[in-house]
Amino acid sequence: AEIKPSGFAGVIPIDGITVVGQRVLALFVLATLLWTTELVPAYATSLLIIGLLAGTVSNNAPFPLRAGVPADMLFDYEHVLGSFASPIIILFMGGFFIASAASKYKLDINVARVLLKPIGSNYSLVLLGLMVITAVFSMFMSNTATTAMMLAILAPLMKNLEEGDPAAKAMVMGVPVAANLGGIGTPIGTPPNAIAFRYLVGEHSLSFGGWMLFAIPLACVLILISWIVLQKIYPARVKTIKVEINSTFEQSLKAYIVYATTVLTLVLWMTSGFHGMNSYVVALLPVVVFSMTGIIDAVDISRINWAVLWLIAGGIALGYGLSTSGLAEQVVHTLPMGTLGALPVLIVLSVLAMVMSTFMSNTATTNLLMPIAVSIGSAMTGVEEFGGLSLIVIGVGLSASTAMALPISTPPNALAHATGMVTTGDFFKTGKFISVIGLILVLITVISLGSIGYF
């Protein structure tokens with residue numbers, strides 16, 4: 001392969017970078033700037049990256065851009081455009097179809113009603129119940145949609161509180177905290193999980209159920225700790241609170257189809273080791289069934305959060321560019337991380353993921369960090385004794401979800417802040433504890449599981 005002098009010499013000292021590598025590096029820097037500054041919507045940046053990859057470094061780029069570049073160095077344009085149809089996109093789409101149908105036929109709010117009913121009226125238990133229910137929904141639904149629904153459920157409960165009671169802030173804060181942490185529980189719970197899950201293939205493969213087996217207990221512990229923290233920071237004056245949700249399960253044929261398909265999909269996701277269908281193929285079940293039966297129509301499809309899917313697709317394309325061009329590997333060789341050892345590298349990358357996600361989209365953060373993290377993990381020696389590449393991938397993916405110290409950290413935080421009942425100071429007051437504790441527990445979990453050979 002022809003090697004060109006680096007156009008970034010003196011700025012980023014990467015030796016032997018190819019002309020294709022130069023272009024990919026320029027796109028990586030562009031994506032970083034746009035995702036960080038949010039000059040344009042995050043999904044627009046992803047679409048721009050895919051377009052520029054196809055137009056500057058693919059085998060279908062304009063002739064002047066391909067001139068002088070060996071054909072075997074150019075990317076396959078079909079692979080670049082295939083980012084839109086990546087299996088992880090289909091997995092997320094299946095989750096979106098379930099969430100849309102559940103909301104349309106009131107499955108979500110009725111499940112919340114059933115789960116809250118046995119809790120009683122003790123304020124402390126009601127707060128815990130709300131957080132647990134929010135977390136459960138966030139494992140399979142968009143945490144943004146879950147937060148919106150749970151905040152709506154909170155409205156009538158607030159009428160039972162005296163004005164100025166700190167319990168109100170605790171309940172409003174509890175919803176986004178639980179939504180953020182609950183998303184850890186499944187590969188589709190939050191985009192950073194999906195991005196990490198995409199790299200868990202081959203010898204590093206992990207099933208949908210295998211992820212849940214360790215992630216749900218971790219989420220449960222974090223939610224329990226958050227529940228305690230919220231009560232310490234916002235001690236309630238009220239002791240009891242009336243919980244009343246007026247809703248009933250629909251009895252129509254389409255509603256029953258929604259119930260049955262949702263349950264079947266979740267069961268198949270959790271038992272892929274028994275039936276042999278991977279989670280990506282299973283995700284097509286609700287997509288096909290709900291489309292064929294008219295449960296999800298053209299209007300519902302237009303309301304799907306395509307922005308998230310495009311954002312993930314852009315990260316997939318950027319990761320493909322970084323790895324295929326060899327740039328990620330070259331960057332790794334210029335960094336001192338390779339000499340630090342597996343655990344220090346994991347800690348550095350995880351802290352970086354958490355800090356970056358505090359100030360920008362955790363999806364964008366994971367899109368930027370994951371290809372570099374994978375290259376670092378692949379090039380390191382001694383990482384196998386802690387679970388191999390999976391240690392780095394899962395650690396970085398989960399760490400991005402622990403960031404919640406600002407209203408801008410996650411969409412659930414922004415929704416809670418928009419109620420006007422909590423301030424930026426409230427988020428920092430609670431988030432600084434929960435984020436740090438969450439990061440520590442994530443690291444302990446992945447290191448422990450990696451050491452015993454779980455990954």
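Here are three worked exercises on helix packing and one on a pocket, all based on a predicted model.

**Exercise 1. Work out how α9 is oriented against α11, and which residues join them.**

Step 1: Start with the axes. Those of helix α9 (residues 166-182) and helix α11 (residues 208-233) come within 10 Å and cross at roughly 160 degrees.

Step 2: Turn the angle into a class. Angles over 145 degrees count as roughly antiparallel, so α9 is roughly antiparallel to α11.

Step 3: Add the handedness: α9 passes α11 in a right-handed crossing.

Step 4: List the partners. From α9 come Ala-170, Met-173, Gly-174, Val-177 and Leu-181, and they meet Ala-219, Leu-222, Ile-223, Ser-226 and Leu-230 of α11. Sorted by class, this contact of α9 with α11 has eight nonpolar, two polar and no charged residues.

**Exercise 2. Now do the same for α9 and α22.**

Step 1: Look at the axes of α9 and α22, which come within 8 Å and cross at roughly 170 degrees.

Step 2: Apply the cut-off of 145 degrees once more; α9 and α22 are therefore roughly antiparallel to each other.

Step 3: Find the residues. Val-172, Pro-176, Ala-179 and Asn-180 in α9 touch Pro-412, Asn-413 and Ala-416 in α22. The contact of α9 with α22 divides into five nonpolar, two polar and no charged residues.

**Exercise 3. Classify the crossing of α9 with α23 and describe the contact.**

Step 1: The axes of α9 and helix α23 (residues 424-451) come within 11 Å, with a crossing angle of roughly 45 degrees.

Step 2: Check the classes. Roughly parallel needs an angle under 35 degrees and roughly perpendicular needs 65 to 115, so α9 is oblique to α23.

Step 3: As for handedness, α9 passes α23 in a right-handed crossing.

Step 4: Name the contact residues: Lys-169, Met-173, Pro-176, Val-177 and Leu-181 of α9, with Asp-426, Phe-427, Thr-430 and Ile-434 of α23. By class, the contact of α9 with α23 holds six nonpolar, one polar and two charged residues.

**Exercise 4. Describe the largest pocket and the helices that supply its lining.**

Step 1: Begin with volume: the largest pocket holds about 630 Å³ of space.

Step 2: Locate the centre. The lining has 35 residues, and the closest to the centre of the pocket are Thr-144, Val-308, Ser-361, Thr-363 and Pro-411.

Step 3: Trace the lining to its helices. At least two lining residues come from each of α1 (19-37), α2 (42-56), α5 (87-104), α8 (143-158), α17 (306-324), α20 (362-379) and α22 (411-418).

Step 4: Finish with chemistry: the lining has 22 nonpolar, 12 polar and one charged residue.

How values were computed
Residues are numbered from 1 along each chain as its sequence is written. This is a predicted model: local features need pLDDT of at least 70, side-chain atom pairs count only at pLDDT 80 or more; totals for chains, interfaces and linings use all residues. Side-chain values use heavy atoms; hydrogens and water are left out. On a 1 Å grid over the protein atoms alone, a cavity is a set of points where a 1.4 Å probe fits but cannot get out, and a pocket is an open set with protein on both sides within 12 Å along at least five of seven lines; lining residues have an atom within 4 Å of a point. Grid points are joined across faces, edges and corners, and a volume is the space filled by probe spheres set on the points. Helices (H or I, at least four residues) and strands (E, at least two) are DSSP runs, numbered from the N terminus. Ala, Val, Leu, Ile, Met, Phe, Trp, Tyr, Cys and Pro count as nonpolar, Asp, Glu, Lys and Arg as charged, and the others, Gly among them, as polar. Axes are lines fitted to C-alpha atoms, for helices over the stretch in contact, and angles run from 0 to 180 degrees between N-to-C directions. A crossing is left-handed if the near helix is turned anticlockwise from the far one by less than a right angle, and right-handed if clockwise. Contact means heavy atoms within 4.5 Å.
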